[in-house]
Structures are given as C-alpha cells and as structure tokens.
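Please look through the sequence and the model below before reading on, and keep both in view as you go. The text will then lead you from the overall fold to single residues.

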Amino acid sequence: MLKMIASLLKALSNETSPWQIAFAASFAMIFAFLPFFTLLSVFVLFMLLSFRINLGMFLVSVGFFKIFVILIDPLMVQFGESFLAIQSLKPIFDMAFNSDVLRLFHFNHTLVMGSMITSFALFVPVLFLTKFLVVKYRTHLLTRLNKLHIVQMLKASSAMRWFIR
C-alpha cells in the first residue's frame, strides 16, 4: 500500500501527464461504481489496461470512490429502477435480456444500470476536475511542500528512496 501511495506522489510531482492521472481517476470511478463481479467491470479493466494511465492513482481512487459508493448505493438503485421502468426503452431492455451475450452484462439489474449510467454521466466532469486539481497542485502546492524541512529530510533518507524505486 505504501508503494502505491509513493507511486501516486511520484506521479503527481513529476512530469507525468495530468491527463494520464485524470483518466486513471475517471476509470477508477467507473470501476468503483460498478458491482465487482460483472462482465462490465472486466470490460472496464480491459479498457484500463489498453490506455496508458497511472496505476497508483487508479488504485487510490478506487478506494476513495468505493467509500463514496457506499453512501450513494441506494440512490443508484432507485435511479436504475426508474431508468429500467421507462416504457419507451422496454424493447431495448427486452432485446438485451433475451440476448445470450448481453445478458452476461446484467443490464437488467437495477444497481448495475444505475451505477453504469451514473458513472458514465460523471466520467467527463471527474476527468476535467482531476486534471484541474493536478495542475493546481503542481503549480501552487508542490513548490510549498518541497520547501518544508520534513519533506527535505524524507527525500534525503534512504528508506524513502527505497519506497520510491
């Protein structure tokens, strides 16, 4: 766990693209919102591996968003239930449920549908917010943190160099 946090701090402070960090946080949000044992979450993992993103940021963000999901899970179930009850979309849902392949994605479950729609709707705002925060962190906070005496001592210590490598 400490290596992941050290990897995240290293990515935040070096020249890793802010977009790589932002995409990691956005994909982590989708992965955290979806129920774990679905084909849709496996699909998100394959998409994650096909892009170049920061794995430390992804893992830390999954932990953060999982805590957030615990709070909004009932809302996503209600949202999925109301979305699945839309009569004009019923033929599409029936077709998806009757298809052998699409049935594996569990689109007919209220939690899967609600979390999928919620996470897809929040993908772009989380992407741009994370990029904005990373840029602000690098321009304002990083220079102040590097001037702190304790940070300079940690950077000089051999234990910290061992964690970062």
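The paragraphs that follow begin with the whole chain and then turn to its core, its rings, its charges and a few chosen residues.

The model is a predicted one, and each position named here can be found by counting from 1 along the chain as its sequence is written. The protein chain holds 9 helices and 0 strands, and reading along the sequence gives the pattern α-α-α-α-α-α-α-α-α. Of the 165 residues in the protein chain, 35% are buried. If you consider the contacts between residues at least 6 apart in sequence, 78% of them join residues at least 24 apart.

What does the inside of the fold look like? The largest nonpolar core has 32 residues, and those with the most contacts inside it are M29, F33, L40, F58 and M116. Helices α2 (18–33), α3 (39–50), α4 and α7 (110–147) each supply at least two residues of this core, and α2 gives the most, with 10 residues. M29 offers a good place to look at the core in detail: leaving out residues up to four places away in sequence, M29 touches F65, S119, L122, F123 and V126.

Another residue to find is S115, which is placed in helix α7. Is S115 buried or exposed? S115 counts as buried, because its relative accessibility is 0% and the limit for buried is under 20%. A polar atom of the S115 side chain lies 2.7 Å from the backbone oxygen of L111, and a polar atom of that side chain lies 3.2 Å from the backbone oxygen of V112. Beyond its neighbours within four places in sequence, S115 is in contact with F33, L34, P35 and M76.

A side chain also reaches backbone atoms at N54, a residue in the loop between α3 and α4. N54 is buried, with a relative accessible area of 12%. Which backbone nitrogen lies 2.8 Å from a polar atom of the side chain of N54? It is that of M57, while the backbone nitrogen of G56 lies 3.1 Å from a polar atom of the N54 side chain.

Helix α4 itself covers residues 55–84, and F83 lies in it. With a relative accessibility of 24%, F83 counts as partly exposed. When neighbours within four places in sequence are left aside, the contacts of F83 are L89, F93, M113 and I117. F83 can also be compared with T110, since the two are 27 residues apart in sequence and their C-alpha atoms are 8.4 Å apart in space.

The aromatic residues deserve a look of their own. A pair of aromatic rings is described by the distance of the centres and the angle of the planes. The structure holds 13 aromatic pairs. In the pair formed by F105 and F107, the ring centres are 5.5 Å apart and the planes stand at 5 degrees, so this pair is stacked. F105 is buried, with a relative accessible area of 15%. Elsewhere, ring pairs link W19, F23, F27, F51, F123 and F128 into a cluster. A ring can also lie beneath a charge, as F97 shows: the charged end of R103 sits over the ring of F97, 5.1 Å from its centre.

Now turn to the charged side chains. Side chains of opposite charge can pair when their charged atoms come close. The count here comes to 1 salt bridge, in which the side chains of K90 and D94 meet at 3.3 Å, N to O. Both residues belong to helix α5 (residues 90–98), and because they are 4 residues apart in that helix, K90 and D94 are separated by about one helical turn. K90 is partly exposed, with a relative accessible area of 38%, and D94 counts as partly exposed at 34% relative accessibility.

The last stop is a point of backbone geometry. Most residues other than glycine have a negative phi. Against that background, H106 is worth finding, as its phi is near 60 degrees, a positive value in a residue other than glycine. H106 is placed in the loop between α6 (100–103) and α7, and at 29% relative accessibility H106 counts as partly exposed.

Notes. This is a predicted model: local features need pLDDT of at least 70, side-chain atom pairs count only at pLDDT 80 or more; totals for chains, interfaces and linings use all residues. Side-chain values use heavy atoms; hydrogens and water are left out. Buried means under 20% relative accessible area, exposed over 50%, partly exposed in between (1.4 Å probe, protein chains only). Contact means heavy atoms within 4.5 Å. A nonpolar core is a set of buried Ala, Val, Leu, Ile, Met, Phe, Trp, Tyr and Cys residues joined through side-chain atoms within 4.5 Å. A polar contact is a pair of N or O atoms within 3.5 Å; within protein, one must be able to donate a hydrogen and the other to accept it, and residues adjacent in sequence count only if both atoms are side-chain atoms. A salt bridge is a side-chain nitrogen of Lys or Arg within 4 Å of a carboxyl oxygen of Asp or Glu. Rings of Phe, Tyr and Trp (its six-membered ring) pair if their centres lie within 6.5 Å; planes under 30 degrees apart count as stacked, over 60 as edge-to-face and the rest as tilted. A charge sits over a ring if NZ of Lys or CZ of Arg is within 6 Å of the ring centre and within 35 degrees of the ring normal.
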